[in-house]
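The following explanation is intended to be read alongside the sequence and the coordinates. It proceeds from individual side chains to the overall fold and back again.

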Amino acid sequence: MASKDAQNQRRGLPSFLPGVPDPDQSLPASSSNPGNQAWQLSRPLPRSFLPTVSLPPGLEYLSQLDLIIIHQQVELLGMILGTETSNKYEIKNSLGQRIYFAVEESICFNRTFCSTLRSCTLRITDNSGREVITVNRPLRCNSCWCPCYLQELEIQAPPGTIVGYVAQKWDPFLPKFTIQNANKEDILKIVGPCATCGCFGDVNFEVKTINEKLTIGKISKYWSGFVNDVFTNADNFGIHVPADLDVTVKAAMIGACFLFDFMFFEHSLAGL
């Protein structure tokens, strides 16, 4: 048993990230079809890296998911009037079954004059209507020329209990973010592409270890076609992660999808 522990230590497996393969092993993925994609683990998990038995109420739905799909609902009123309305999202599993529903709470003034930088709260409820996750976004800057007061989200699960943060990190060339625990300690890094326009293709944000040497998943903004991309602001995202990743980290990645939507993809014909 001692030799096995020593072997794990030599491999340098991070304790916060269950199911991470060896650095010299690649992470295979299945078919390019978004509904069928799944990240495969290269070997069985040691018991010490499994998630804790006690889960935040309502997050047990996430415990075995390796693909989380987020679909933004089309707001017909906003399309007709050319105004920005509160965002609504359906959160589904790989079978297309809805597990959560998210609604943005913000005031009209912020949506009109602060646009994509607006402060807001996203309340995520399960199918019984119980609020299980709260995502708070304050008003902050978003510029590669300004290295301070960058974007940040606070994740609560259940509401009132902070479990993590998503924080933007300054970089002159690439969009970079970290997922932090409740003590604001960095546990994962998300690195996006230089160009996030997504013309005629998906946009992938890679989920990496802190040293950026190992990719353990990705957050994809799926291309939904020219008409949808230009004439609506309805976006589709997919979160690909190891199934045994801690549910609070998965909840933070859901929040990261919302942040990416606001920062990079919140556009419509009225804003062109």
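**A guided reading of the model**

The charged end of Lys 184 sits over the ring of Tyr 165, at 4.8 Å from the ring centre. The model in which this arrangement appears is a predicted one. Lys 184 belongs to the loop between β8 and β9, and its backbone has a positive phi of about 60° although the residue is not a glycine. Because its relative accessibility is 43%, Lys 184 counts as partly exposed.

Two further backbone features may be considered together with this one. As background, most residues other than glycine have a negative phi, and most peptide bonds are trans. Glu 212 also departs from the first of these tendencies: its phi is positive, near 65°, and it is a residue other than glycine. Glu 212 is placed in the loop between β10 and β11, and with a relative accessibility of 28% it is classed as partly exposed. The peptide bond joining Ala 157 and Pro 158 is cis, with omega at about -5°. Pro 158 lies in the loop between β6 and β7.

The strands on either side of that proline lead to the fold itself. Strand β6 (residues 152-156) and strand β7 (residues 162-169) run antiparallel and are joined by five bridges. Within this pairing, Gln 156 stands opposite Ile 162 in β7. Both strands belong to a closed barrel of twelve strands, which runs from β1 in order through to β12 with antiparallel pairing. Neighbouring strands of this sheet are turned against each other by 20° on average, with direction ignored.

How many bridges join β1 to β12? Five bridges do so, and these two strands run antiparallel. Here the bridge partner of Leu 67 is His 240 in β12. On the other side of the pairing scheme, β11 and β12 are also antiparallel and share five bridges, with Ser 220 standing opposite Gly 238 in β12. Strand β12 is mostly covered, since four of its five residues are buried.

The next element to locate is helix α5, which comprises residues 247-265. This helix has 19 residues and extends 26 Å from its first C-alpha to its last, close to the 27 Å expected at 1.5 Å a residue. Is α5 mostly covered or mostly uncovered? The helix is mostly covered, with 18 of its 19 residues buried.

The relation between helix and barrel can be described strand by strand. Neighbouring strands of the sheet are, as stated, turned by 20° on average. Helix α5 packs on this sheet and touches β1 (67-72), β2 (88-92), β3 (98-105), β4 (120-126), β5 (131-137), β6, β7, β8 (176-181), β9 (186-191), β10 (203-208), β11 (215-222) and β12 (236-240). The direction of α5 makes about 150° with that of β8.

Ile 124 offers a view of this packing from a single residue. It is placed in strand β4, and at 0% relative accessibility it counts as buried. Apart from neighbours within four places in sequence, its contacts include Ile 91, Tyr 100, Val 132, Ile 133, Ile 254 and Phe 258. The C-alpha atoms of Ile 124 and Glu 104 are separated by 9.0 Å, with the two residues 20 apart along the chain.

Aromatic side chains provide a further link between helix and strands. The structure holds ten aromatic pairs. In one of them, the rings of Phe 205 and Phe 265 have centres 6.5 Å apart and planes at 90°, so the pair is edge-to-face. This pair connects distant parts of the chain, given that Phe 205 is in strand β10 and Phe 265 in helix α5, 60 residues apart. Both Phe 205 and Phe 265 are buried.

A second pair involves Phe 264 and Phe 265, whose ring centres are 6.1 Å apart with planes at 65°, so this pair is edge-to-face as well. The burial of the two partners may be set side by side. Phe 264 has a relative accessible area of 22% and is therefore partly exposed. Phe 265 has a relative accessible area of 2% and is therefore buried, the limit for burial being under 20%. Together, Phe 177, Phe 205, Phe 237, Phe 260, Phe 264 and Phe 265 form one aromatic cluster.

Definitions and conventions. Residues are numbered from 1 along each chain as its sequence is written. This is a predicted model: local features need pLDDT of at least 70, side-chain atom pairs count only at pLDDT 80 or more; totals for chains, interfaces and linings use all residues. Side-chain values use heavy atoms; hydrogens and water are left out. The expected span of a helix is 1.5 Å times one less than its number of residues. Buried means under 20% relative accessible area, exposed over 50%, partly exposed in between (1.4 Å probe, protein chains only). Two strands pair if DSSP finds at least two bridges between them. Axes are lines fitted to C-alpha atoms, for helices over the stretch in contact, and angles run from 0 to 180 degrees between N-to-C directions. Contact means heavy atoms within 4.5 Å. Rings of Phe, Tyr and Trp (its six-membered ring) pair if their centres lie within 6.5 Å; planes under 30 degrees apart count as stacked, over 60 as edge-to-face and the rest as tilted. A charge sits over a ring if NZ of Lys or CZ of Arg is within 6 Å of the ring centre and within 35 degrees of the ring normal.
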